[in-house]
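Please open the model in your viewer and keep the selection panel within reach. We will go from one selection to the next, pausing at each to see what is there.

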Amino acid sequence: MDNYILAIETSCDETAAAIIKNGTEIISNVVSSQIESHKRFGGVVPEIASRHHVEQMTIVLEEALKQANMEPKDLTAVAVTEGPGLVGALLIGINAAKAFAFVHGLPLIGTHHIAGHIYANNLVQPMEFPLLALVVSGGHTELVLMREHGSFEVIGETRDDAAGEAYDKVARVLNMPYPGGPHIDRLAHEATEAVPFPRVWLEEDSYDFSFSGLKSAVINYKHNMDQRGEEIIAEHVAKGFQDSVVEVLTGKTVRAAREFQVKQVIAAGGVSANKGLRTALEKAFKEEGIPFYVPPLKLCTDNAAMIGAAAYEMYEAGIRGNLAMNGRPGMELMSWK
């Protein structure tokens, strides 16, 4: 018997709903983005994000059902991002999911946002274990070892700025709009030279990341050039910054894949849409002889299809939430098996 899960994602600035069949097939996937509303502020304003979610939630849910040509009685369960994220934004999606589940007598499943990003890969390619996931987004940079479905072991994480945060901050230094990642990526590919910025490897055996010092190095370079009255070349700065980020992310991922002898490596999260990073990882793992996969661009950024994919595995494992569910902005990635 087929299982159809209605999934909702509102952890940050996208209002999203999707219907997923058996954890691997997208029946509908609707995303309402708020980028234009937050662009003038240079980042996401939580109160504005929450208000937009309130305005869009019902519309997005109805559209997901309409595109799937389905009714609530056709669904198996309702899934929603429980955390981490902006607490006000999370609560909009959670309360919508609770109301929908209650009215239609459906099981409710609270899903971790990062588990969703990882399981976006299962929508395009079956996951083989043990696998290593490199999660790179605006708020997260992590290396996650999975030995089976629902098993998450965080072997490395950021100690300060996540990669996506560093991209946005460097973009601001270069007077580029939010979100900064795509602009830095574009400039880096137009450059003929790169400013030599440091690579932060931390301790010899560490899989942790740190991008705050790199961000500071870019800021200091800009200040020094300004004091000398010299014009910076934005393309060269962007390439130098991106080369540093990509080299460290790729190097640590390759080393971890070797140590844990994984069968598959996947990338996940918004920054995995970065052309420079995707190219470097593809090249490195082709040389290593380890299969590497990354979702299409529309499944890298926040969406509800990924939440439905993760929730299906939770449903199969017997995991259920209840109507006492609350938003968990600091929710840790924990194994459900």
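The tour below goes through a predicted model, beginning with an annotated stretch and then turning to the interior.

Start by selecting residues 25-308, which an unreviewed UniProt entry lists as "domain: Gcp-like". Over these residues the chain is 49% helix and 16% strand, and if you mark the C-alpha atoms at the two ends you will find them 10 Å apart.

Next, select Ile 184 and Phe 241, which are the residues with the most contacts inside the largest nonpolar core, a set of 47 residues. Among the elements that give two or more residues to this core are strands S6 (131-136) and S7 (141-146), together with helices H5 (163-173) and H8 (234-260), and H8 supplies the largest share, 10 residues.

Now keep Ile 184 alone and show its surroundings: leaving aside residues up to four places away in sequence, Ile 184 touches Tyr 167, Val 170, Ala 171, Leu 174, Met 176, Ala 238, Phe 241 and Gln 242. Apart from this core lies another, of 36 residues, and you can find it by selecting some of its members, including Ala 16, Ala 18, Phe 152 and Trp 336.

Finally, show H5 and H8 together; how do their axes cross? The axes come within 12 Å and cross at roughly 175 degrees, and because angles over 145 degrees count as roughly antiparallel, H5 and H8 are therefore roughly antiparallel to each other. Where they touch, Ala 163, Ala 166, Tyr 167 and Val 170 of H5 meet Phe 241, Gln 242 and Val 245 of H8, and the residues of this contact divide into six nonpolar, one polar and no charged.

Note on methods:
Residues are numbered from 1 along each chain as its sequence is written. This is a predicted model: local features need pLDDT of at least 70, side-chain atom pairs count only at pLDDT 80 or more; totals for chains, interfaces and linings use all residues. Side-chain values use heavy atoms; hydrogens and water are left out. A nonpolar core is a set of buried Ala, Val, Leu, Ile, Met, Phe, Trp, Tyr and Cys residues joined through side-chain atoms within 4.5 Å. Buried means under 20% relative accessible area, exposed over 50%, partly exposed in between (1.4 Å probe, protein chains only). Helices (H or I, at least four residues) and strands (E, at least two) are DSSP runs, numbered from the N terminus. Contact means heavy atoms within 4.5 Å. UniProt positions are given in the numbering used here, feature names are shortened, and annotations may be inferred rather than shown by experiment. Axes are lines fitted to C-alpha atoms, for helices over the stretch in contact, and angles run from 0 to 180 degrees between N-to-C directions. Angles under 35 degrees count as roughly parallel, over 145 as roughly antiparallel, 65 to 115 as roughly perpendicular and the rest as oblique. Ala, Val, Leu, Ile, Met, Phe, Trp, Tyr, Cys and Pro count as nonpolar, Asp, Glu, Lys and Arg as charged, and the others, Gly among them, as polar.
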